[in-house]
Amino acid sequence: MKKIFYKEWDIASQTYWMILAVLAVISAVAGFAVLHMEHSGHWVTGMSNQIVWGTPHVFAVFLIVAASGALNVASIASVFNKKAYKPLAPLSALLAVALLIGGLLILVLDLGRPERLMVAMTTYNFKSIFAWNILLYNGFIAIVAFYLWTILDRKMNRFYKAAGVAAFVWRLILTTGTGSIFGFLVARQGYDAAILAPWFIIMSFGFGLAIYMLVLSDFFRLSDRPLGDSVMFRLKNLLGVFVAASLLLTLMYHMTNLYGTENHAFEAFILRDGGIYTALFWIGEILIGGLLPLAIVFHPSLGKSRSWIYAAAIMVIIGGIATIYVIIIGGQAFPMAMFPGKTVIASGFYDGINGLASTYSPSLAEALLGIGGGVRMLKILPMSMADEVADPHSAS
Amino acid sequence: MKTTDQTDHKRRDFLKTGVAASAVTLAPGIVMHTAEAAPRDKAVDSSVRWGMLVDTFKCASGCDSCVQACNEENGLEAYSMPEGADPEKWDQQRPKWMRNVTLKDNLSGRISNLPLMCQHCENPPCADVCPTGASFRRADGIVMVDRHTCIGCRYCMMACPYKARSFIHENVDIKPELAPRGKGCVESCNFCVHRLDDGETSTACQDACPENAIIFGDLNDPNSEVSKALAEYPSVQIRADLRLNTGVRYSGI
Amino acid sequence: MSKSIEQKSVKFAVFLAVLVSMLMISTAYAGKNWRAEGNSKASQMAQNAEMCVRDTDFMRRNHMELIQHDRDVTVRQGVRTLDGSLKGCVTCHANKQESGEYVPVTAMSGPGGSQFCASCHVYTSVSLDCFQCHSTVPTE
């Protein structure tokens with residue numbers, strides 16, 4: 001086996017600055033969106049007292065879930081001893097941290113009082129899964145940073161295996177915690193399900209890997225480095241397995257709900273009558289995020305085409321955002337069942353009058369905040385990736 | 001701005017004298033009960049649990065006196081719609097501590113009205129999920145938000161089974177004297193805690209109800225009006241399946 | 001050769017000393033000026049009272065801790081008669097105009113100039129969070 005060479009990302013400096021400039025502009029726009037929201041208050045967003053968490057949370061949860069998934073490739077190398085993946089590990093770890101920071105940034109900037117972040121960091125209510133998540137996120141960044149150190153520094157190589165296992169276990173706990181943010185909510189029919197935790201873990205595998213594949217192929221293409229088919233084929237097969245598993249858990253979640261009469265109204269809302277949520281579920285979550293990429297990666301000829309694999313990864317990401325949207329916004333739009341056997345026919349506070357769902361339309365400001373968070377995490381990459389990218393020759 | 005504050009204050013003074021007068025004229029039981037409330041300089045303790053019974057048989061359709069009184073007492077409407085806001089969306093963003101709900105039974109078609117607000121659970125889900133502990137249950141059973149440590153994450157609003165909490169989406173122009181509030185925090189009904197701390201034993205909604213459908217008092221005192229009523233009439237908790245042991249009970253739904 | 005270096009460094013030291021002392025003087029002067037303007041003038045009520053809830057030196061340095069401690073006791077335990085009551089601060093330290101209307105304690109300009117809270121907090125550029133929710137004029 002050839003020796004692994006890590007070399008800086010040697011793209012033309014013009015291209016580099018172009019990418020940086022585009023990312024900076026988008027970040028600046030997001031920055032203005034944040035200032036606008038903080039100055040005026042949340043009324044400029046589409047979020048209300050009926051739909052409490054909106055688009056920023058969709059993007060934030062997606063990025064956080066994807067972050068732990070992006071670590072997969074590194075874990076396969078270190079925990080499961082697959083040597084072929086080892087050169088791909090540093091990018092994987094770095095991407096994981098970047099995605100997580102992007103997601104957290106959105107969450108923090110969407111707070112009603114973001115300047116009180118210090119309070120959240122210093123006063124903990126340990127009964128709150130949210131408080132645990134703050135510890136999990138910070139711990140993740142620290143552990144993955146240490147892991148990266150053990151990969152890149154020969155002197156630290158003896159801790160490589162231990163750090164890899166720690167990071168892998170931590171990321172499983174982290175996604176469990178993220179899923180539990182919703183799984184623990186007894187109040188709402190769409191949440192309150194233990195299956196949300198494993199479902200989030202499976203989703204994280206898929207989302208993270210898809211993002212990783214896009215970043216990997218883009219980086220290599222821009223710097224004219226050869227990326228062997230075998231790497232991409234291994235990764236796309238893995239992606240297919242994750243997407244299939246995710247579909248299975250989606251099926252399980254809805255089947256369990258459909259079995260109990262109590263949840264029929266909620267299921268009818270998501271699967272049949274929910275308008276935008278139903279459309280996002282069937283077209284976004286099931287078709288674009290599930291069946292189509294699955295068909296592509298396992299298709300005898302399409303599955304061998306690099307551009308189709310690339311498209312499949314993009315589909316998984318689009319489908320993933322749709323999935324999180326349906327879970328978070330759809331779960332809130334469905335009126336809470338406070339009075340079983342009765343219909344609310346009038347209310348001073350939109351309690352689902354005649355079973356009507358809450359309305360929500362995201363405003364420009366919050367969408368920009370969400371997208372900006374996504375870009376922020378990418379912006380970190382080209383700058384700090386400057387001295388470590390796997391040399392593709394060694395991968396084969 | 002100024003006038004609103006002053007009117008509010010005059011009205012409060014009037015209410016205070018009203019309570020004092022009633023304490024003199026009513027039966028000795030009521031006077032004793034008034035004395036039980038923690039005076040201003042004593043810490044509250046769990047010997048008292050504040051609670052409420054709503055008699056929905058008396059709650060009249062189309063009446064919103066309790067909601068109006070709540071809004072006025074806590075200064076919830078002391079501002080106007082921001083310029084450029086969409087009225088429909090703005091209405092969904094307005095804070096409501098208390099609202100009227102009209103229900104129709106799916107089988108019988110029977111109509112019932114009730115006011116819905118924070119149910120002051122013994123095991124409040126909002127306090128469980130709050131990352132900073134800003135959402136908490138006071139020793140005397142009142143569930144409230146410590147706005148000094150609330151970071152505005154709205155997780156409590158996701159967790160509340162009664163949709164009883166509101167987030168303040170806009171700048172508050174007039175700072176209310178009794179319930180200081182401002183942009184970016186979550187808030188909800190606190191059983192008019194400023195009155196209780198002052199030794200009063202009624203809430204604004206109870207005082208405002210023309211039908212006396214709201215009975216408020218100490219659930220731990222068997223002689224309180226609310227305890228007696230609860231012992232006499234059948235009542236339910238909303239979402240009793242969650243076993244939160246709510247401080248607000250309803251009869252007739 | 002070495003002498004000239006020495007001379008240069010002496011010159012530089014003198015220059016530095018002058019610069020530093022000028023800075024110090026100007027800072028001190030700014031402080032003096034701030035007091036001379038009468039910005040910290042207490043309201044009539046505060047002047048009539050013997051002293052604040054603690055002595056003035058203590059309050060200047062520690063009022064924030066007192067207020068923060070007592071605010072937690074008030075919110076969490078319902079005790080409303082504490083020294084660190086923000087309402088108490090405002091009641092005593094707000095100035096009244098001739099028209100009878102109060103000037104907000106956070107006013108930086110306008111009648112009577114910079115007011116009690118604003119004068120120090122602006123000067124030290126410490127942000128003041130209390131009055132995003134609390135009233136800046138007495139409500140009694």
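1. In chain C of this predicted model, buried residues make up 19% of the 140 residues. The chain holds five helices and zero strands, and its elements, read along the sequence, follow the pattern α-α-α-α-α. Of the contacts in chain C with a separation of 6 or more, 41% are accounted for by residues 24 or more positions apart.

2. Chain C meets chain B through 13 of its residues, which are in contact with 21 residues of chain B. On the side of chain B that touches chain C, helix H1 (2-25) and helix H7 (193-197) of chain B each supply at least two residues. By class, that side of chain B has six nonpolar, three polar and 12 charged residues.

3. A caution on confidence belongs with the previous point. The mean pLDDT of chain B is 86, and 85% of its residues reach 70 or more, but pLDDT stays under 50 over residues 1-35 of chain B, a stretch for which the model has 22 contacts beyond four places in sequence. Where pLDDT is low, the predicted coordinates should not be read in detail. Helix H1 of chain B, given as residues 2-25, should be considered with the values for residues 1-35 of chain B in mind.

4. Between chains A and B, 40 residues of chain A are in contact with 50 residues of chain B. The elements giving two or more residues to the side of chain A that touches chain B are helix H5 (117-122), helix H6 (129-152) and strand S1 (342-347) of chain A, and the largest share, six residues, comes from S1(A). The residues on this side of chain A divide into 21 nonpolar, 14 polar and five charged.

5. The contact between chains A and B includes strand pairing across the chains, since S1(A) and S2(B) pair in the antiparallel sense over five bridges. Within this pairing, Thr343(A) has Lys104(B) in S2(B) as its bridge partner. As for the general background, strands of a sheet pair through backbone hydrogen bonds, either parallel or antiparallel.

6. Val129(B), which has its place in helix H5 (residues 125-129) of chain B, is buried, with 25 other C-beta atoms within 10 Å. Leaving aside neighbours within four places in sequence, Val129(B) is in contact with Ser128(A), Ile129(A) and Phe130(A) from chain A, and with Tyr155(B), Cys156(B) and Ala159(B) from chain B. Val129(B) and Arg154(B) are 25 residues apart in sequence, and their C-alpha atoms are 9.9 Å apart in space.

7. Within chain B, three strands form an open sheet in the order S8-S1-S9, with mixed pairing. S8 and strand S9 (248-251) of chain B stand at the edges, each with a single partner strand, so one side of each is left without a neighbour in the sheet. From one strand to the next, the twist averages 20°. Helix H9 (residues 225-232) of chain B packs on the sheet and touches S1, S8 and S9 of chain B, its direction making about 115° with that of S8(B).

8. The mixed pairing can be followed strand by strand. S1(B) and S8(B) pair in the antiparallel sense over five bridges, with Gly51(B) standing opposite Gly217(B) in S8(B). Strand S1 (residues 50-55) of chain B is joined to S9(B) by four bridges, and these two strands run parallel. In S9(B), Leu53(B) has Arg249(B) as its bridge partner, while Asp55(B) stands opposite Ser251(B).

9. Six of the six residues of S1(B) are buried, so S1(B) is largely enclosed by the rest of the structure. Both faces are covered, with Trp50(B), Met52(B) and Val54(B) buried on one side and Gly51(B), Leu53(B) and Asp55(B) buried on the other.

10. In helix H3 (residues 65-73) of chain B, the buried residues are Cys66(B), Val67(B), Cys70(B) and Glu73(B). These residues cover an arc of only 135° around the axis, which puts them on the same side of H3(B). The buried residues of H3(B) pack against strand S2 (98-105), strand S3 (111-117), helix H8 (204-208) and strand S8 (214-218) of chain B. Two of these partners have appeared above, as S2(B) pairs with S1(A) and S8(B) stands at an edge of the open sheet. H3(B) is followed by Gly75(B), whose phi is positive, near 65°.

Notes:
Residues numbered from 1 in each chain as written. Chains lettered and ligands numbered in written order. Predicted model: local features only at pLDDT ≥ 70, side-chain atom pairs only at ≥ 80, totals over all residues. Buried ≥ 20, exposed ≤ 12 C-beta atoms within 10 Å, placed from the backbone. Arc of directions from axis to C-beta. Contact = placed C-beta atoms within 7 Å. pLDDT = per-residue confidence, 0-100. Nonpolar A, V, L, I, M, F, W, Y, C, P; charged D, E, K, R; others polar. Pairing = 2+ DSSP bridges. Axes fitted to C-alpha atoms, helices over the stretch in contact; angles between N-to-C directions.
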